[in-house]
Amino acid sequence: MKLSNNTILITGGSSGIGLALSKVLIEKGNTVIICGRSEAKLQAAKAQEPRLITYACDLGDTKACHDFAQTLMRQHPALNIVINNAAIAHKIDFLQNDQALAFAENEINTNLLAPIRLIKWLYPTISVNNNAAIINITTGLVYAPRAVYPFYNASKAALHSFTQTLRFNLRQEKTKVIEVLFPVVDTPWHGGAPPKIAIPVARAVAGMIKGLEKDKAEIKIGGVAILYWLSRIAPGFAFKKINQVT
């Protein structure tokens with residue numbers, strides 16, 4: 001995959017993996033657009049990398065997501081790569097948490113429906129440009145879910161399934177459909193207390209770039225490849241081990 005002279009949208013690009021990836025792709029000679037819910041975080045990201053193009057948008061809101069897609073198509077007709085990276089997660093006990101259903105709706109809207117909507121609305125623009133690609137970011141937890149993240153697991157597993165069917169349906173088209181499955185990564189997402197097995201952001205991004213350069217359709221970063229095979233061979237053991245992570 002050609003990683004220069006593209007116009008790239010990265011959702012959830014104001015911090016963590018999204019921001020680190022943005023910086024790498026800008027250095028490779030791409031125009032990079034990021035979006036996020038927090039204007040303050042977007043401005044902080046732009047202070048670090050002034051070449052970023054930023055938009056504030058709550059992708060979990062259907063109308064806001066639609067309006068954002070229309071703005072992108074109008075103002076950035078050269079857009080050819082979309083990286084659906086934005087995600088939220090709530091660490092809860094489903095049956096004991098009074099806000100569980102609100103959390104579920106929020107996560108499903110942001111983690112699953114927003115990528116689906118953006119792909120649907122942006123595809124007419126993406127698909128007519130060269131080196132077109134749709135890149136969905138998921139997680140190794142699609143193979144063995146963690147019980148403390150009931151909706152995050154489910155939304156990402158659904159996105160994993162959707163990505164597979166989309167790739168199949170576009171197999172005769174020039175637009176590539178790629179999935180990047182990350183392990184635990186040491187980002188602000190963990191609130192300063194990442195699990196011991198978390199890998200550095202730079203290593204995660206480097207693994208993604210390497211996989212893209214090799215034209216892989218599914219890029220399993222770090223321990224995700226091991227978890228995949230373990231879940232195939234001994235799914236009960238894989239589930240037990242992933243839920244022992246501290």
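Helices here are DSSP runs of type H or I with at least four residues, numbered from the N terminus. With that in hand, welcome to the tour; please keep in mind that the model is predicted.

**Stop 1: a nonpolar patch**

Select Leu-101, which belongs to helix H4, residues 100-126. Is Leu-101 buried or exposed? Its relative accessible area is 65%, so Leu-101 is exposed. Now add Phe-94 and Leu-95 to the selection: together with Leu-101 they make a nonpolar surface patch with about 370 Å² of accessible area.

**Stop 2: helix H1 and the loop after it**

Go next to Leu-25 in helix H1, which covers residues 16-27. Leu-25 has 2% relative accessibility and therefore counts as buried. Show Ser-4 as well: it is 21 residues from Leu-25 along the chain, and the two C-alpha atoms are separated by 7.6 Å.

Then pick Lys-28 and Glu-213, whose side chains meet in a salt bridge with an N to O distance of 3.7 Å. Which parts of the chain does this pair tie together? Lys-28 is in the loop between H1 and strand E2 (31-36), while Glu-213 lies in helix H6 (residues 201-213), so the contact links parts that are 185 residues apart in sequence. Colour the two by accessibility and you will find Glu-213 partly exposed at 46%, and Lys-28 partly exposed at 33%.

**Stop 3: more salt bridges**

The structure has six salt bridges in total. For another one, select Asp-67 and Lys-63, where the closest N and O atoms are 2.7 Å apart. Both residues sit in helix H3 (residues 62-75), and because they are four residues apart, about one helical turn separates them. Asp-67 is partly exposed, with a relative accessible area of 32%, whereas Lys-63 counts as exposed at 58%. Elsewhere, salt bridges with shared partners join Glu-27, Glu-49 and Arg-51 into one network.

Stay with that network and zoom in on Glu-49 and Arg-51, which form a salt bridge at 2.9 Å, N to O. The two ends are worth viewing with a surface switched on. Glu-49 is buried, with a relative accessible area of 8%, while Arg-51 has 49% and counts as partly exposed.

**Stop 4: the cysteines**

How many disulfides does the structure have? The count comes to zero. Select Cys-35, which is in no disulfide; its nearest cysteine sulfur belongs to Cys-57 and is 5.9 Å away. A disulfide would need the two sulfur atoms within 2.5 Å, so that separation does not qualify. Cys-35 is buried, with a relative accessible area of 0%. Cys-65 is in no disulfide either, and the nearest cysteine sulfur is that of Cys-57, 5.9 Å away. Cys-65 is also buried, at 0% relative accessible area.

**Stop 5: rings and charges**

To finish, show the aromatic side chains. A search of the whole structure gives five aromatic pairs. Select Tyr-143, Tyr-228 and Trp-229 to see one aromatic cluster. Then add Lys-220: its charged end sits over the ring of Tyr-228, 4.8 Å from the ring centre. What sits over the ring of Phe-168? Select Arg-171, and you will see its charged end there, 3.9 Å from the centre of that ring.

Note on methods: Residues numbered from 1 in each chain as written. Predicted model: local features only at pLDDT ≥ 70, side-chain atom pairs only at ≥ 80, totals over all residues. Heavy atoms only, no water. Phe/Tyr/Trp six-rings, centres within 6.5 Å; stacked < 30°, edge-to-face > 60°. Lys NZ or Arg CZ within 6 Å of the ring centre and 35° of its normal. Buried < 20%, exposed > 50% of the residue type's maximum accessible area, 1.4 Å probe, protein only. Patch = residues over 30% accessible without salt bridge, like charges linked within 9 Å, V, L, I, M, F, W, Y side chains within 5 Å. Areas by Shrake-Rupley, 256 points an atom, 1.4 Å probe, with all protein chains shown as cover. Salt bridge = Lys/Arg side-chain N within 4 Å of Asp/Glu carboxyl O. Helix = DSSP H or I, 4+ residues; strand = E, 2+ residues; numbered from the N terminus.
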